[in-house]
Amino acid sequence: MNLSMEQKRVLWQDRFGISLADGQIGVALAGNPNVGKSTIFNALTGLHQHTGNWPGKTVDNAQGGFQYQQKSFVLVDLPGTYSLLAHTVEEQIARDFLCFACPDVTVIVLDATCLERNLNLALQVFEITPKVVVCLNLMDEAQKKRLMIDVPSLERRLGVPVVATAARQGVGLTELQEKILQVASGTLQTNPHQVVYSSEVEKAVKHLLPMVGSLANNALSPRWLALRLLDGDSSLLDSLSNYLGVDQDWEGAQCAQSR
Amino acid sequence: MRAVTLTRSLSEVWCEAEAVRKSYPNSFSDQIVADIYGNAEQITKQVLSNKGSNRSSIDQKIDNLVTSKWLGYPLMLLLLVCVFWITIEGANIPSGYLSTWLFAFQDQLTLWFQWIGAPAWLHGVLVLGVYRTAAWVVAVMLPPMAIFFPLFTLLEDSGYLPRIAFNLDHIFKKAKACGKQSLTMCMGFGCNAAGVTACRIIDSPRERLIAILTNNFVPCNGRFPTLIAITSIFIGSAIASYSGLINAVVISGMILLGVGVTLLVSWLLSTTILKGEPSSLILELPSYRRPKFGAVIYRSMIDRTLFVLRRSLIVAAPAGAVIWILANLYIGEQSILFTMAHALNPLGKLIGLDGIILMAFILGLPANEIVLPILIMSYLSTGALQDFGSLDELRNILVLNGWTWLTAINVMLFSLLHWPCATTLLTTYKETGSKKWTFVSFLIPTVIAFTACFILTQVVHLLGLL
Amino acid sequence: MKNTEQIDPLADLSPGSACEIVSLEMSGLLRRRILDLGIVPGTLIRCIRRGPSGDPTAYLVRETLIALRSEDAAQISVRKLLNGEECV
């Protein structure tokens, strides 16, 4: 989605309650609960942060800033979620922010000690935005449990930079900032792994693609939209109407003919 | 925002998608999730090698201990007692210092007011009312909060807290509520407003509301000094040599009563006005981690300190002005305060209190910690919040004003069960977004407090015990 | 005819034993949240311990310890691992 700097600033302020100044790079921080996301947030922003609520919701919102290589960054701590399939308010907030606020970079924090479950969220984020940096946190815990992760291999398979960190020890944070900058500026091109679904799902997606094609005016991946429709996620359509002004007549999920 | 012109409306697309969805025998949603996890599994298999058992033996050992049949509950109780003890004992000295400094500064303020020749009433409202009340709240509340919440955060960081919910869930299941409510109650021990905010950890809106409405039955840091003082005077002193132990037992009893009332009211709400889908629990038990002391404590202390300061400024300070005015503005022979207390006397007596005690509780709406000072001020007719020099001094004041052991118990009961403080009510409104439920959160404890005290009083009289 | 494949509710699993998820019978939000945690058909799950009063029970699935109440676990059908493979 191409927004002017001013439009983006207004969007972030009015819809999400985040203050973004000119020239600042917007970074979203996503991840499962209990992965040390707040440790990373605090480590990067220090005292330059403040907490509040997401507008109109009783869910915590934290935003902070940091400087790296003379560039200024705004870090938005999204609610910890297991998934973005939007069945709870937290998931909806995270999803709406990633889809409609279009942060310059999204950092997904993974817990190295339960990689499989954490990848669930990462793979879902890949379907929304390619500008991602994966932060593999709790490496110290993984070491204690004698888990060895081949980080370069993971990087290859995921198609995005993977930074191993142990945030509590302050390890890996500089490299994380470096990768964030590289992805934000476009120096580093990413090619995130897209989930391969089973044949029935792929078939259904192909069937819906033509209709979905111009729905979000290229703001969102049509494939991802089709998947969400198959999921039965009407809240996404509410958000489309809400944030992009698509179809002002949309009043909610109703069908003219009932089955 | 530009409206986008479409070839199809969202409704058309939605209905088409629904048709496709329903044509599939299974659930696309399930399949999609399964497929994503399938991908995740694939990737993980190729990059992860496991040199040993993933389930750390330390995790197992600790869990064997803290969730065991025989040791689980005692350890929890022991932990609770330790936290309370550290909070109460640890807060004494800083509270003392804060009191001394803040009230010394009050004397300085008085001097300044005299210097500039300010009228006595202005001095009264601003110094004796606003400043004194705010100072009281800070002196009484800041030290315990600055100890309790960092302790709690440490427990949270270490990974132990979900185990509490794990151990207690079956009790909450019987009350048709969620085990996580035990955690919100723990937060409520520090501050009921914080407890109400903590209810966000409960996913189901129905169960969240139950937890919010019942949080007040857990006595917060602000009510402890009152409970401890009264217990010490009327009950502990009965057998001097064991007074410390007796006090501990009585306070624990009060807390257990609070917990019992919470469960009962939760159950009642679940079966009447908050009936709904059955509760369920999905609780993640994270690995134990050594908590990061420095940063955690620092951040927690700052947050709590700011909270107390903000509260004392916004809520307590204005209340202080009002209280001073009520206590020093006279209608005829009596101050407004006394006139109101006199009017409330019949109601007070009915429930084993008196008009002044009831007045103190009402004026203590902004902050529970000023209830006792208001009480003493009223009994001594000093017109400004008063502290007691020693427990003996306090006992004299109370006994002189007609207190019996029944009065003491009723006051403790009322303190435990009565309406939430203003900050908690405001927080409840913020969290629920509903005036109706905020009113209910005020009504339920009030009705229960009056009923309980009434019944106790009548029973005692009936049995001729007093 | 001997039924070589025994399908039991997860709630019947005793601490220490592992099995494979066959299907989920619950619906609504509970179902979604269970799925989102990766408890999908084909996943391996091991019963770790019961609470001090017998309920809830902690299960290990995808390296995470999740506690479920018995009536919810009863709605998850599982197949015992016959050769007792240590894979969770």
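This report describes the sheets, helix packing and chain contacts of a predicted model with chains A, B and C.

**The sheet of chain A**

Chain A holds an open sheet of seven strands, ordered β2-β3-β4-β1-β5-β6-β8, and the pairing in this sheet is mixed. From one strand to the next, the twist averages 25°. The edge positions are taken by β2 and β8 (162-164) of chain A. Each of these two has a single partner strand, so one side of each is left without a neighbour in the sheet.

The edge strand β2(A) covers residues 49-53, and the number of its five residues that are buried is zero, so β2(A) lies largely in the open. Its link to strand β3 (residues 60-68) of chain A is made of five bridges, and the two strands run antiparallel. Within this pairing, A:N53 has A:D60 of β3(A) as its bridge partner. The hairpin of β2(A) and β3(A) has six residues between the strands, and A:G56 takes a positive phi near 80° there.

Elsewhere in the sheet, strand β1 (residues 25-31) of chain A runs parallel to strand β5 (residues 105-111) of chain A, and five bridges join the two. In this pair A:L29 stands opposite A:V107 of β5(A).

**Where chains A and B meet**

The contact between these two chains involves 50 residues of chain B and 57 residues of chain A. On the side of chain B that touches chain A, the elements giving two or more residues are α1 (10-23), α2 (28-47) and β1 (48-50) of chain B. The greatest contribution to that side is from α2(B), with 14 residues. Sorted by class, the side of chain B that touches chain A has 21 nonpolar, 14 polar and 15 charged residues.

One part of this contact is a strand pairing across the chains. Strand β7 (residues 147-149) of chain A pairs with β1(B) in the antiparallel sense, over three bridges. A:I149 is placed opposite B:L48 of β1(B).

Another part is a helix pair. Helix α6 (residues 151-158) of chain A and α2(B) have axes that come within 9 Å and cross at roughly 150°. That angle makes α6(A) roughly antiparallel to α2(B). The crossing of α6(A) past α2(B) is right-handed. Here A:S153, A:L154 and A:R157 of α6(A) meet B:I43, B:Q46 and B:V47 of α2(B). The contact of α6(A) with α2(B) has three nonpolar, two polar and one charged residues.

**A helix pair within chain B**

Helix α4 (residues 72-115) of chain B packs with helix α5 (residues 120-158) of chain B at an angle of about 160°, and their axes are 8 Å apart. The two helices α4(B) and α5(B) are therefore roughly antiparallel to each other. Their crossing is right-handed. The residues of the contact of α4(B) with α5(B) comprise 22 nonpolar, seven polar and one charged.

**Chain C and the sheet it shares with chain B**

Chain C has two helices and six strands. Read from the N terminus, its elements follow the order β-β-α-β-β-β-α-β. Chain C has 88 residues, and 44% of them count as buried. Among the contacts in chain C with a separation of 6 or more, 59% are between residues 24 or more positions apart.

Strands of chains B and C join in an open sheet of seven strands with antiparallel pairing, in the order β2(B)-β5(C)-β4(C)-β3(C)-β2(C)-β6(C)-β1(C). Its edge strands are β2 (282-284) of chain B and β1 (7-9) of chain C, each of which pairs on one side only. The twist of this sheet averages 40° from one strand to the next. Inside it, strand β2 (residues 18-24) of chain C and strand β6 (residues 76-80) of chain C form an antiparallel pair over five bridges. C:C19 stands opposite C:K80 of β6(C).

Chain C also touches chain A: eight residues of chain C are in contact with nine residues of chain A. Helix α1 (residues 28-36) of chain C gives the largest share of the chain C side, three residues. By class, that side has two nonpolar, two polar and four charged residues.

**Strand pairs in summary**

| Strand pair | Sense | Bridges |
|---|---|---|
| β2(A) and β3(A) | antiparallel | five bridges |
| β1(A) and β5(A) | parallel | five bridges |
| β7(A) and β1(B) | antiparallel | three bridges |
| β2(C) and β6(C) | antiparallel | five bridges |

Conventions:
Residues numbered from 1 in each chain as written. Chains lettered and ligands numbered in written order. Predicted model: local features only at pLDDT ≥ 70, side-chain atom pairs only at ≥ 80, totals over all residues. Contact = placed C-beta atoms within 7 Å. Helix = DSSP H or I, 4+ residues; strand = E, 2+ residues; numbered from the N terminus. Nonpolar A, V, L, I, M, F, W, Y, C, P; charged D, E, K, R; others polar. Buried ≥ 20, exposed ≤ 12 C-beta atoms within 10 Å, placed from the backbone. Axes fitted to C-alpha atoms, helices over the stretch in contact; angles between N-to-C directions. Parallel < 35°, antiparallel > 145°, perpendicular 65-115°, else oblique. Left-handed = near helix turned anticlockwise from the far one by under 90°. Pairing = 2+ DSSP bridges.
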